[in-house]
Structure formats: structure tokens, C-alpha cells
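The following exercises concern a predicted model. Each task is followed by a solution that proceeds step by step.

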Amino acid sequence: MSKLTLTFDNGPEPEVTPRVLDILARRGLKTTFFVVGQKLLDPERMELAIRAREEGHRIGNHTFTHTTPLGQMEDPLAAVDELERTDALVAKTGETEKLFRPFGGGGKLGPHLLNPQVVEFLHRKAYSCVLWNAIPRDWADPEGWVERALGQIASQDHTLMVLHDLPTGAMEHLDAFLDRAEASGAEFHNDFPQECVPMALGKDMVSLDPYVAAV
């Protein structure tokens, strides 16, 4: 039996996140929402993040603007600012756990994810850095992502999947996907595969060199 941990990036979105939360609540599933900080400046979106937290989901930091991978930003301190501003907003949801997911730019892993100044911030704030091992590209293929996601689940023991609560139409298929994943033998979890967490509570679990831009 394979394990499946769901996460949702780039929200919250009033058109989509409530439906996602309703589906998860009906099924008794808990997950992590990695939010874009500037969206939480909008009171309606902040209320959605608070709702998610109150319903037992975790709220993670997914940068403030989600425009440029942090390791590719020309100003390294601007990259730190992306995290600091979101950190303060996530705290207002009531979340106390420090979870950060870098912006991959299409789901790619590599040295574009972080820079040394960002790593220092994550260490100092005792963050866990959460990557992924399944990107079904739901944002780019709102109709076809389900088949791709099921294939990714079948190919490994513990899948940490990135979905997006964005108004693309992809989440209209979330219920059907969860039905099919369960029917295939997937068991839902809320923990992260060890290999997807290179930093835990501010301590490096493995070398971060593959994810940090050269100075």
C-alpha cells in the first residue's frame, strides 16, 4: 500500500479554497497549505487561511510574491524579505509550526531554490524546508492531471504531491482524484517523506548544496 501526502500551493483563493476545504473536511483529511504571503493582505483570503488552520490544516510559507525563485533573485536580501513578510502574516493565522516550501518555477528542483542568506534565515527561525516528489502539473493541465498524479503515486512508496488551489478548474476533479487514489490502495497521510525535508526545525538533514545558488 502506498502513502500519499497532499499539499496545496499558491492560495488561498476565494473561488477555490473553500471547496477544497469542504472536500477535505468531508473525507477527514488533513494537509498543508503553502500560501503566498501577499494574498494574505486581503482580508477574505486571510480568513480562508485562518479557517484552514482552525480545521486542522497546517499553513506554510511559500514566499511573498511567488515571482522569482529565491536563488535567482539579484538582491539576496530581497529574497529574505520574501520570507520575513510571509512569516509575519502566517503567524496571524495562528500557525506556530515553521514550514517553508521554495518556489521551484514549474516544479523543478535545483540550486535556484535558495541562497545562503535564505538558508541562514531558515536556520535562525527553525524552519523545516519541505520539497516534493510529485508534480502532476495541475495548473497547466486542469483536465489531464489526475491520470498523471495516479501514475506518480503508483511509482513510489510515499508520494508528497503538490496541487494548487487556484482558479484553473483543476480542483473540480479533486473529489474524483481522491476516490481513485483511495481505490488504487493509496493511504492518506499528513507527514512528509524524509527525503523531501532537507532541513527540519532549522537543522540540515542532508547537504543543502543541490538547492543553494552559488555566491
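**Exercise 1. Strand pairing and crossovers**

Thr 7 stands opposite Thr 32 in strand E2. Starting from this contact, determine which strands E2 joins, and in what direction they run.

*Solution.*

Step 1. Thr 7 faces a residue of E2, and strand E1 (residues 3-9) is joined to E2 by three bridges, the two running parallel.

Step 2. E2 is also joined to strand E3 (residues 58-61), here by four bridges, and this pair likewise runs parallel. Within E3, Ile 59 is the bridge partner of Phe 33.

Step 3. The connections can now be traced. Helix H1 (residues 17-27) lies with E1 and E2 in a right-handed β-α-β unit. A right-handed β-α-β unit is also made by E2, helix H2 (residues 43-54) and E3.

Step 4. Finally, consider the faces of E2 (residues 32-35): Thr 32 and Phe 34 are buried on one side, and Phe 33 and Val 35 are buried on the other, so that both faces are covered.

**Exercise 2. Cysteines**

Determine how many disulfides the model contains, and state how far apart the sulfurs of Cys 129 and Cys 196 are.

*Solution.*

Step 1. A disulfide requires two cysteine sulfur atoms within 2.5 Å. The count by this rule is zero.

Step 2. For Cys 129, the nearest cysteine sulfur belongs to Cys 196 and is 10 Å away, and Cys 129 is in no disulfide. Cys 196 is likewise in no disulfide, its nearest cysteine sulfur being that of Cys 129.

Step 3. As to accessibility, Cys 129 is buried, with a relative accessible area of 2%. Cys 196 also counts as buried, at 2% relative accessibility.

**Exercise 3. Aromatic rings**

Classify the ring pairs Phe 121 with Tyr 127 and Trp 145 with Phe 177, and describe their surroundings.

*Solution.*

Step 1. The model has three aromatic pairs. In one of them, the ring centres of Phe 121 and Tyr 127 are 6.0 Å apart and the planes meet at 35°, so this pair is tilted. Phe 121 is buried at 1% relative accessibility, and Tyr 127 is buried at 2%.

Step 2. The pair of Trp 145 and Phe 177 is tilted, with 5.1 Å from centre to centre and 55° between the planes. Trp 145 belongs to helix H5 (residues 145-154) and Phe 177 to helix H6 (residues 174-183), so the pair ties together parts 32 residues apart in sequence. Both residues, Trp 145 and Phe 177, are buried.

Step 3. A further ring contact involves a charge: Arg 85 lies over the face of Phe 64, 3.9 Å from the ring centre.

Notes
Residues are numbered from 1 along each chain as its sequence is written. This is a predicted model: local features need pLDDT of at least 70, side-chain atom pairs count only at pLDDT 80 or more; totals for chains, interfaces and linings use all residues. Side-chain values use heavy atoms; hydrogens and water are left out. Buried means under 20% relative accessible area, exposed over 50%, partly exposed in between (1.4 Å probe, protein chains only). Two strands pair if DSSP finds at least two bridges between them. A crossover is right-handed if, with the strands pointing away from the viewer, the path from the first strand over the helix to the second runs clockwise. Rings of Phe, Tyr and Trp (its six-membered ring) pair if their centres lie within 6.5 Å; planes under 30 degrees apart count as stacked, over 60 as edge-to-face and the rest as tilted. A charge sits over a ring if NZ of Lys or CZ of Arg is within 6 Å of the ring centre and within 35 degrees of the ring normal.
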